[in-house]
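Colleague: Got a minute? I'd like to go through this one with you.
Modeller: Sure, put it up and ask away.

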Amino acid sequence: MFIGQVAGEIVSTINHPDYDNRRLLVIDRLDLEGSPTGGYLIAVAAVDAGVGQKVLVVDEGTGARQILGNAQAPIRSVVVGVIDSVDLSRG
Amino acid sequence: MLLGKVIGTLVACEVYEGLQGVPLLVVQPLTKSQTSKGEPIICADSTSMAGPEELVYYEGGREAAMALRETFVPVDHTIVGIVDQVHLPDQAGGQ
């Protein structure tokens, strides 16, 4: 899993059937300090997250399919949580 | 998944078993603001509806094969949707 920030949304009407009625979010990858690393990806929203929010993203197929309840879905990236805070203890 | 732009089509007269009839397209990977990034790739198309100049999103890895009718085939990238609109509210400036 990794930490990301919702940058926007993708609207799509023609898609693979397993993507029907799923919200697609554009996610900026963040480092632990919360600054963008420059990378992004498009993920399916399994929780309600809005633009600007920090989120937890699963980028692994089997876990993603389990969350979405479809063992055949060709989906790998899923937003699974909205992050309140990240605490780091560094010596 | 990442954004890409279809820049061409590919015809293969002979393909591996299971890939017959699967459309193959040349796709330029894009950043979220739709500027080109990296080398073009060849994608299978699970929608069978994407064409040149269209903005699409594609999945790579194991899920690329799972998106096709025949799910145990040798492909590494597959288009899973055609983009109507990308909403990036903060693109113009600010955080």
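Colleague: Which residues does Ile27(A) touch, not counting residues up to four places away in sequence?
Modeller: This is a predicted model, so take the answer as a computed one. Ile27(A) touches Gly4(A), Gln5(A), Val6(A) and Ala7(A) early in the numbering, then Tyr40(A), Leu41(A) and Ala43(A), and also Val55(A) and Val57(A).

Colleague: Is Ile27(A) part of a core? Which residues have the most contacts inside the largest nonpolar one?
Modeller: Ile27(A), Ile42(A), Ala43(A), Tyr57(B) and Tyr58(B) have the most contacts there. That core has 44 residues. Its largest share, five residues, comes from strand 4 of chain A.

Colleague: Why would nonpolar side chains sit together?
Modeller: In soluble globular proteins, they tend to be buried together.

Colleague: How far can I trust the prediction? What are the scores?
Modeller: The ipTM is 0.92 and the pTM is 0.93. For chain B, the average pLDDT is 94, and 96% of the residues score at least 70.

Colleague: And if pLDDT is low somewhere, what then?
Modeller: Then the predicted coordinates should not be read in detail.

Colleague: Back to the fold. How many helices and strands are in chain A, and in what order do they run?
Modeller: Chain A has one helix and six strands. From the N terminus, the order is β-β-β-β-β-α-β.

Colleague: And chain B?
Modeller: Chain B also comes to one helix and six strands. Its order is β-β-β-β-α-β-β.

Colleague: What are the dimensions of the two chains?
Modeller: The C-alpha trace of chain A spans about 50 × 25 × 20 Å along its principal axes. For chain B, the box is roughly 50 × 20 × 20 Å.

Colleague: Why does the radius of gyration of chain A agree with a compact globule?
Modeller: With 91 residues, a compact globule would have a radius near 12 Å. Chain A has 14 Å, which agrees.

Colleague: What share of each chain is buried?
Modeller: In chain A, buried residues make up 37% of the 91. In chain B, 34% of the 95 residues count as buried.

Colleague: Now the strands. Which strands of chain A pair with strand 6 of chain A?
Modeller: Strand 4 (residues 36-45) pairs with strand 6 (residues 77-82) in the parallel sense, over two bridges. Strand 5 (residues 54-59) pairs with strand 6 in the antiparallel sense, over five bridges.

Colleague: Which residue is the bridge partner of Val44(A)?
Modeller: Val78(A), in strand 6 of chain A. Val78(A) is also the bridge partner of Val58(A).

Colleague: What about Ala46(A)? Where is its place?
Modeller: Ala46(A) is in the loop between strand 4 and strand 5 of chain A. Leaving aside neighbours within four places in sequence, Ala46(A) is in contact with Ile67(A), Leu68(A), Val78(A), Val79(A) and Val80(A). The C-alpha atoms of Ala46(A) and Leu68(A) are separated by 7.4 Å, though the two residues are 22 apart along the chain.

Colleague: Why does Ala46(A) count as partly exposed and not buried?
Modeller: Because Ala46(A) has 18 other C-beta atoms within 10 Å, and a buried residue needs 20 or more.

Colleague: Do the chains meet through strands? Which strand of chain B pairs with strand 1 of chain A?
Modeller: Strand 6 of chain B does, in the antiparallel sense over three bridges. There, Glu9(A) stands opposite His87(B).

Colleague: How many residues does the contact take from each chain?
Modeller: 25 residues from chain B and 22 residues from chain A. On the side of chain B, strand 1 (2-10), strand 4 (55-60), helix 1 (62-66), strand 5 (77-82) and strand 6 (85-87) each supply at least two residues. By class, that side has 13 nonpolar, six polar and six charged residues.

Colleague: Last topic, backbone angles. Which loop holds Asn21(A), and what is its phi?
Modeller: Asn21(A) lies in the loop between strand 2 (14-15) and strand 3 (24-30) of chain A. Its phi is near 60°, a positive value in a residue other than glycine. Asn21(A) is exposed, because 5 other C-beta atoms lie within 10 Å.

Colleague: And Gln34(B), what is its phi?
Modeller: The phi of Gln34(B) is positive, about 65°, although it is not a glycine. Gln34(B) lies in the loop between strand 2 (24-29) and strand 3 (41-45) of chain B. With 14 other C-beta atoms within 10 Å, Gln34(B) is partly exposed.

Conventions
Residues numbered from 1 in each chain as written. Chains lettered and ligands numbered in written order. Predicted model: local features only at pLDDT ≥ 70, side-chain atom pairs only at ≥ 80, totals over all residues. Helix = DSSP H or I, 4+ residues; strand = E, 2+ residues; numbered from the N terminus. Buried ≥ 20, exposed ≤ 12 C-beta atoms within 10 Å, placed from the backbone. Contact = placed C-beta atoms within 7 Å. Nonpolar A, V, L, I, M, F, W, Y, C, P; charged D, E, K, R; others polar. Pairing = 2+ DSSP bridges. Core = buried A, V, L, I, M, F, W, Y, C linked by C-beta atoms within 7 Å. pLDDT = per-residue confidence, 0-100. Rg over C-alpha atoms; globule rule 2.2 N^0.38 Å.
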